[in-house]
Amino acid sequence: MKVRLEKVKGTRDLLPEEMAKRRWVFERIREVFERYNFHEVLTPTFEYTTLFQLRSGEEVVEQLYAFDDKGGRNLSLRPDMTSSVARLYVNSFQTAPKPIKWYYIANMFRYEEPQSGRYREFWQAGVELIGSDKVEADAEVIALFTESYLATGLEDFTVNIGDRVLLDEFAKMLGVKDDIGLMRLIDKKDKMSGEEFVKALRDFGLSDDGVEKVLRLIEIKGKPDEVLPLAEGLFTSDEAKTEIARLYELVDLLDAYGVSKWIRIDLGIARGFDYYTSIVFEAIAPNDLGIGSIGGGGRYDNLIEVFGGKPTPATGFAIGIERLIPILEWKGLIPEVKLRPDVYVIPIGKEPDLKKAAIEVVSALRRAGVKADVELTGRKLRKALDYAGRLGVPYVVLVGKKDLAEGRVTVRDMEGGEQRVVEKEEVVEVIAGILGL
């Protein structure tokens, strides 16, 4: 009985063309990360489940891919990288010079319902800046976040900044004891209709007046010079005033970074994780694909202490690659992928000396930095040329018995059909000249 094996729900097979696009995006982002002096780390794909239970919100814990290994240890595939990076820091880097600036590009796993831009295995590119509680660190990370998207050619997006301190203050003003519950509810507002959100607020226990205040709060968004004065009028406590002053300073620093064009303030941003302590942010790119946030992050000054480390401030972000790439494709920003060699070498015949000479030519081309391939299936010349044509190979090197006896090979331009006979020892130089290498 034959068994048909399918890929697991929520996962994908990424073919060469898709991988080439992803690699292009990864490298654009990686270049920016490294210009900002962040350095790459990679942690294990799975950790003890306790690590994620200690810091993740209720929703993420429910989505863990958790299992017992053969030794009876309860493990989980990582749902994000922040916990693992914090664990790494606590294990080995608490006495290292600060700030620590790390980045990662890796796959994550969450058991959630697949939809547009959302899979059970997905990739993130992110950074963690550990060891500074200053607003300068927030500005550095948000500027990097912004420039990472710009590096891919994306310009039609905004980075929306909120603040968990102000949301906590707002919960106190409403008399809400379960402020985390309110934050989670506000964070889900974009996944519900207006009527559903109002019903959820009432089910949470808010009065009509409380619901009205929440609805007003989430509409306080826009350019910083328009929104921050409104926040000053809404929040009156000393703690809130201090936090608003921090936001003013942050906006000034982001102006110095040259990214003000993309910055907005949105007091309705909560972010899904309970561990955020102050400034939070997310990127939104308008699209017709049903994709919302394409990345986000914020400050988490208590997490490292939760993991047993000394109190250490930190901030960071993650870019959702599965959400970013469809938008870049939709906007035509990813360069056309050409999955073919620049040169294809064909031995005309099955004699061992022809095959050996073809391999010598292709090897010399490859060592010179030319993308080259060689006929490996024993096709006759016509079929080998047809194959090269289907791939769109621009140049072919023909290794024939008569030419080889004279120490020569033939270079053929596949588009124009022109051919030239060159010395075998000079073929690399000739090809490099044609390709402009």
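Trainee: What makes strand E8 (residues 221-222) and E9 count as paired strands, and in which sense do they run?

Mentor: In this predicted model, E8 and E9 are joined by two bridges and run in the antiparallel sense, and since a pair of strands needs at least two bridges, the count of two is enough for them to be called paired. Within this pairing, Lys221 has Asp266 of E9 as its bridge partner.

Trainee: How do you know that strand E7 (residues 158-163) and strand E9 (residues 263-266) pair, and in which sense?

Mentor: Three bridges link E7 with E9 in the parallel sense, and as at least two are required, the pairing of E7 with E9 is accepted. One of the partnerships places Asn160 with Arg264 in E9.

Trainee: Why are E1 and E8 said to stand at the edges of the sheet?

Mentor: The open sheet has nine strands in the order E1-E5-E6-E12-E11-E10-E7-E9-E8, and its pairing is mixed. Strand E1 (39-40) and E8 each have a single partner strand, so one side of each has no neighbour in the sheet, and that is why they are placed at the edges.

Trainee: What makes strand E6 (residues 121-130) largely enclosed by the rest of the structure?

Mentor: Of the ten residues of E6, eight are buried, and therefore the strand is described as largely enclosed. E6 also pairs in the antiparallel sense with strand E5 (residues 100-109) over ten bridges, where Ile105 has Ala125 as its partner in E6, and seven bridges join E6 to strand E12 (residues 314-320), again antiparallel, with Leu129 standing opposite Thr315 in E12.

Trainee: Why is H5 called oblique to H11?

Mentor: Helix H5 (residues 135-151) and helix H11 (residues 238-257) pack at an angle of about 45°, their axes being 9 Å apart. Angles under 35 degrees would count as roughly parallel and those of 65 to 115 as roughly perpendicular, so about 45° falls outside both ranges and H5 is oblique to H11. The crossing of H5 past H11 is right-handed.

Trainee: Why is the aromatic pair of Phe93 and Trp102 called edge-to-face?

Mentor: The structure holds 14 aromatic pairs, among them Phe93 and Trp102, whose ring centres lie 5.0 Å apart with 85° between the planes. The distance is within 6.5 Å and the angle is over 60, so the two rings form a pair and the pair is edge-to-face.

Trainee: How do you know whether Phe93 is buried, exposed or partly exposed, and what of Trp102?

Mentor: Phe93 has a relative accessibility of 30%, which lies between the limits of 20% and 50%, so Phe93 is partly exposed. Trp102, with a relative accessible area of 9%, is under 20% and therefore buried.

Trainee: What makes the pair of Tyr344 and Tyr387 tilted?

Mentor: The planes of Tyr344 and Tyr387 are 55° apart, with 5.6 Å from centre to centre, and because this angle is neither under 30 degrees nor over 60, the pair counts as tilted. Tyr344 belongs to strand E13 (residues 343-347) and Tyr387 to helix H15 (residues 381-391), so the pair ties together parts that are 43 residues apart in sequence. Tyr344 is buried at 2% relative accessibility, whereas Tyr387 is partly exposed at 23%, and Arg379 lies over the face of Tyr387, 4.1 Å from the ring centre.

Key. Residues are numbered from 1 along each chain as its sequence is written. This is a predicted model: local features need pLDDT of at least 70, side-chain atom pairs count only at pLDDT 80 or more; totals for chains, interfaces and linings use all residues. Side-chain values use heavy atoms; hydrogens and water are left out. Rings of Phe, Tyr and Trp (its six-membered ring) pair if their centres lie within 6.5 Å; planes under 30 degrees apart count as stacked, over 60 as edge-to-face and the rest as tilted. Buried means under 20% relative accessible area, exposed over 50%, partly exposed in between (1.4 Å probe, protein chains only). Helices (H or I, at least four residues) and strands (E, at least two) are DSSP runs, numbered from the N terminus. A charge sits over a ring if NZ of Lys or CZ of Arg is within 6 Å of the ring centre and within 35 degrees of the ring normal. Axes are lines fitted to C-alpha atoms, for helices over the stretch in contact, and angles run from 0 to 180 degrees between N-to-C directions. Angles under 35 degrees count as roughly parallel, over 145 as roughly antiparallel, 65 to 115 as roughly perpendicular and the rest as oblique. A crossing is left-handed if the near helix is turned anticlockwise from the far one by less than a right angle, and right-handed if clockwise.
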